[in-house]
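Let's take a friendly walk through the charged pairs and the cysteines of this protein. Have the coordinates open as you read.

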Amino acid sequence: RPGIRKLRVLTPQGASVPRPFVVGVLPEINETEPNNAPKEAQKLTLPVTVNGQILTGNDPDSYRVALRAGECLVVAAEARRLGAPTDLVLRLLDARGVELATCEDANARDPLLAYVAPVAGDYVVQAYDVMTNYSSVNADYTYRLTFTTGTYLDRALTPAVPRGHPSDVTLAGWNLNGKPGPGAVTHT
């Protein structure tokens, strides 16, 4: 089933520490360098999940997406939740390089950026790490970014209900019921 699982390796010498491993539902690609500057941004076809890595202290990773006017882009990061030390910031730029939105911490210190495009065009999402000790950067500084203009559920309000008893649950997120932007729906 999709979601975060724990994976360990068993050998004759013993077992490894369990590590988070993700089973996704969207197409997955790997980050392609060079993609540091907006003009080098890796072009994406949505929806997609990008697996990336911060290899140096000055390694912003840039991704280009085409949006229609009124379309809501959601970019959800996973790093800390997967056990990586990566402390990501997401930044959205327009075609001229002007910053439109930024997000540092949302879900377990992983950023989630949502933006409704006022005009059609190309937009660039940059992911970078805000760590203070750049000398410690290594292959462990990984992340996953999910890009979508489709439905994205962020949370359930009431997070639990008693088994066998009908209860109202409100699902909140973006692009629900065919409407761009934030919203919520209630189900019994």
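## Charged pairs and cysteines

Glu99 has a relative accessibility of 41%, so this residue counts as partly exposed. The model is a predicted one, and Glu99 is a good place to start on its charge pairs. The partner of Glu99 is Arg91: the two form a salt bridge whose closest N and O atoms are 3.5 Å apart. Arg91 is partly exposed as well, with a relative accessible area of 25%.

How many salt bridges are there by the rule used here? The count comes to nine. Side chains of opposite charge can pair when their charged atoms come close. Here are some of these pairs, with their N to O distances.

| Acidic residue | Basic residue | N to O distance |
|---|---|---|
| Glu28 | Arg144 | 2.8 Å |
| Asp110 | Arg81 | 3.1 Å |
| Glu99 | Arg91 | 3.5 Å |

Take the pair of Glu28 and Arg144, joined by a salt bridge. Glu28 belongs to strand 5 (residues 28-30) and Arg144 to strand 14 (residues 142-148), so their salt bridge ties together parts that are 116 residues apart in sequence. Glu28 is partly exposed at 35% relative accessibility, whereas Arg144 is buried, with a relative accessible area of 9%.

Arg144 also takes part in a network of salt bridges that links Glu28, Glu78 and Arg144. Glu78 sits in strand 9 (residues 72-78) and is buried, its relative accessible area being 16%. Which residues does Glu78 contact, leaving aside its neighbours within four places in sequence? They are Ile4, Asp110, Tyr143 and Arg144.

Asp110, one of those contacts of Glu78, has a salt bridge with Arg81. Arg81 lies in the loop between strand 9 and strand 10 (88-93), and Asp110 in the loop between strand 11 (99-103) and strand 12 (112-116), so this pair ties together parts that are 29 residues apart in sequence. Asp110 is buried, with a relative accessible area of 1%, while Arg81 is partly exposed at 31% relative accessibility.

Now for the cysteines. A disulfide is a covalent bond between the sulfur atoms of two cysteines. How many disulfides are there by the rule used here? The count is zero. For Cys72, the nearest cysteine sulfur is that of Cys103, 13 Å away. A disulfide requires the two sulfur atoms to be within 2.5 Å, so Cys72 is in no disulfide. Cys103 is likewise in no disulfide, its nearest cysteine sulfur being that of Cys72. Cys72 is buried, with a relative accessible area of 2%, and Cys103 counts as buried at 14% relative accessibility.

Methods:
Residues are numbered from 1 along each chain as its sequence is written. This is a predicted model: local features need pLDDT of at least 70, side-chain atom pairs count only at pLDDT 80 or more; totals for chains, interfaces and linings use all residues. Side-chain values use heavy atoms; hydrogens and water are left out. Buried means under 20% relative accessible area, exposed over 50%, partly exposed in between (1.4 Å probe, protein chains only). Helices (H or I, at least four residues) and strands (E, at least two) are DSSP runs, numbered from the N terminus. Contact means heavy atoms within 4.5 Å. A salt bridge is a side-chain nitrogen of Lys or Arg within 4 Å of a carboxyl oxygen of Asp or Glu.
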